[in-house]
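The following exercises concern one protein model with a bound ligand. Please work through each task before reading its solution.

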Amino acid sequence: MSCDFVSLATKGVQGLTPYQPGKPVDELERELGIQNIVKLASNENPLGPSPKALEAIKGQFEDLTRYPDGNGFLLKKAIAEHLGVAQDGIVLGNGSNDVLDLIAQAYLEPGCEAIFSEYAFAVYPIATQAAGATAVVTPANNWGHDLDAMVAAITEKTKVIFLANPNNPTGTWFTKSDFEGFIEQVPENVIVVLDEAYAEYVEEPEYPKGIEYLGEYSNLVVTRTYSKAYGLASLRVGYSISNPQIADVLNRIRSPFNVDSFALAAATAVMNDVEYIQKSVEINRKGMAQITLAMESLGLDYIPSVGNFVSVDFGKDAMPIYEALLREGVIVRPMAAYKMPTFLRVSIGLEEENARFIDALSSDAVKAVL
Ligand SMILES: *Cc1c(COP(=O)(O)O)cnc(C)c1O
């Protein structure tokens with residue numbers, strides 16, 4: 001090979017390492033030849049899909065040969081009605097990840113800057129670097145976003161600020177007054193991306209719902225997903241809500257049929273499935289208590305989380321513990337890529353799945369490396 005196709009890539013892409021997803025169940029089955037694996041690694045909804053989603057998907061089989069509705073009219077209508085927002089501010093994505101990429105592609109280029117926090121979601125640095133822009137990473141405050149530091153980091157080159165509330169992988173969150181004090185100080189020509197992937201799980205009265213600020217701040221983009229509480233991670237569907245002009249810009253570079261008809265139908269069907277969300281939140285609340293209590297009795301520290309996951313500090317390199325848990329058939333998420341090498345992030349599962357994780361920590365194999 002005479003041509004080096006890596007150095008032929010754009011500068012940003014040359015330096016990238018791919019996003020590392022949680023280990024799939026069937027991969028571990030193949031590797032270890034074991035069954036009965038519990039996956040608590042990707043913050044998926046442990047309840048299984050809503051019956052409404054399954055029903056809606058079945059209704060799409062006959063149209064398999066047709067392209068989906070490229071405008072996602074019915075889903076946008078359902079979102080608009082459910083949240084009380086205008087349809088022309090909604091952009092649908094192949095997962096909210098897609099929308100985050102669209103924002104980076106549309107607004108970032110070499111010479112400009114994107115700000116995000118230390119320990120923030122791994123997609124922000126990837127999207128920023130892929131666009132050739134410079135990442136400005138502000139130090140965390142008690143594992144959460146330091147919003148004052150983020151304001152202080154704004155320069156003439158800043159185009160985008162990424163915030164996750166709650167944040168993944170730390171589960172930390174900021175209040176209404178924190179957010180209001182922050183966004184007031186951000187110039188209008190800086191786009192604030194408020195990633196609310198876990199919003200449905202938060203039960204704190206002081207939690208700021210991004211959509212309530214859209215009227216006042218035209219530079220705000222709120223992103224949401226069907227992958228977490230809505231239980232449709234496999235289908236890849238999420239969206240952003242913003243002022244129509246930003247939505248127009250994002251739609252210019254969106255792939256024509258980025259959300260397929262199964263995802264559109266299922267997401268439309270679950271949008272008003274209040275019962276499913278309530279049940280999911282309840283399971284999460286109980287599971288969070290089950291896991292954090294167990295961590296306390298094991299003398300392990302964790303970062304208090306309002307999401308459907310919790311990061312546990314093992315006080316030493318957690319990789320051998322991760323691997324020993326795998327051999328017990330329990331998949332959690334190592335945090336070395338987030339520069340949190342002593343942590344493992346555990347998604348909240350069903351009661352019996354949480355118990356498998358807790359019991360595995362007391363197995364001889366795991367105890368040997370604890
Ligand atoms: C899981 C997650 C997302 C989105 O995932 P999609 O499946 O692409 O919608 C976005 N932001 C954060 C912080 C997440 O944890």
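The exercises below treat the ligand site, three individual residues and some backbone geometry in this predicted model.

**Exercise 1. The ligand environment**

Task: Determine which residues surround the ligand and how the shell divides by class.

Solution. Step 1: collect the residues with a heavy atom within 4 Å of the ligand. The search returns Gly95, Ser96, Asn97, Phe121, Asn168, Asp195, Ala197, Tyr198, Thr225, Ser227, Lys228 and Arg236. Step 2: sort this shell by class, which gives 3 nonpolar, 6 polar and 3 charged residues. Step 3: locate the site among the pockets; the ligand occupies the second largest pocket.

**Exercise 2. Polar contacts and burial of the ligand**

Task: Identify polar atoms of Asn97, Ser227 and Lys228 that approach ligand oxygen atoms, and state what share of the ligand surface the protein buries.

Solution. Step 1: apply the cut-off of 3.5 Å for pairs of N or O atoms. Step 2: examine the backbone, where a polar atom of Asn97 is found 3.0 Å from an oxygen atom of the ligand. Step 3: examine the side chains. Ser227 places a polar side-chain atom 2.5 Å from a ligand oxygen, and for Lys228 the distance between a side-chain N or O atom and an oxygen of the ligand is 3.2 Å. Step 4: turn to surface area; the isolated ligand exposes 390 Å², of which the protein buries 93%.

**Exercise 3. Buried or exposed?**

Task: Classify Asn45, Pro205 and Arg285 as buried, partly exposed or exposed, and place each in the secondary structure.

Solution. Step 1: recall that buried means under 20% relative accessible area and exposed means over 50%, with partly exposed in between. Step 2: take Asn45, in the loop that connects strand E1 (38-39) to helix H3 (51-58). Asn45 is buried because its relative accessibility is 12%. Its side chain makes two polar contacts to examine: one reaches the backbone nitrogen of Leu47 at 2.9 Å, and the other joins the side chain of Ser280, also at 2.9 Å. Step 3: take Pro205, in the loop between strand E6 (191-195) and strand E7 (220-225). Its relative accessibility is 64%, so Pro205 is exposed. The C-alpha atom of Pro205 is 36 Å from that of Lys316, a residue 111 positions away along the chain. Step 4: take Arg285, which belongs to helix H11 (residues 274-297). With a relative accessible area of 43%, Arg285 is partly exposed. Its C-alpha atom is separated by 9.1 Å from that of Val306, 21 residues apart along the chain.

**Exercise 4. Backbone geometry**

Task: Find where cis peptide bonds precede Pro166 and Pro169, and describe the positive phi angles of Trp143 and Lys339.

Solution. Step 1: inspect omega. The bond from Asn165 to Pro166 is cis, with omega near -5°, and the bond from Asn168 to Pro169 is cis, with omega near 20°. Step 2: place the prolines. Pro166 lies in the loop between strand E5 (158-164) and helix H8 (176-183), and Pro169 is likewise in the loop between E5 and H8. Asn168 is also one of the residues that surround the ligand. Step 3: inspect phi. Trp143, not a glycine, has a positive phi of about 75°; this residue lies in the loop between strand E4 (134-138) and helix H7 (147-152) and is partly exposed at 26% relative accessible area. Lys339 has a positive phi near 60°, lies in the loop between strand E12 (333-334) and strand E13 (343-347), and is exposed at 69% relative accessibility.

Note on methods: Residues numbered from 1 in each chain as written. Predicted model: local features only at pLDDT ≥ 70, side-chain atom pairs only at ≥ 80, totals over all residues. Heavy atoms only, no water. Polar contact = N/O pair within 3.5 Å; in protein donor to acceptor, adjacent residues only side chain to side chain. Areas by Shrake-Rupley, 256 points an atom, 1.4 Å probe, with all protein chains shown as cover. 1 Å grid on protein atoms, 1.4 Å probe; cavity = no way out; pocket = protein on both sides within 12 Å on 5 of 7 lines; lining within 4 Å. Sits in = over half its atoms within 2 Å of the grid points. Nonpolar A, V, L, I, M, F, W, Y, C, P; charged D, E, K, R; others polar. Helix = DSSP H or I, 4+ residues; strand = E, 2+ residues; numbered from the N terminus. Buried < 20%, exposed > 50% of the residue type's maximum accessible area, 1.4 Å probe, protein only.
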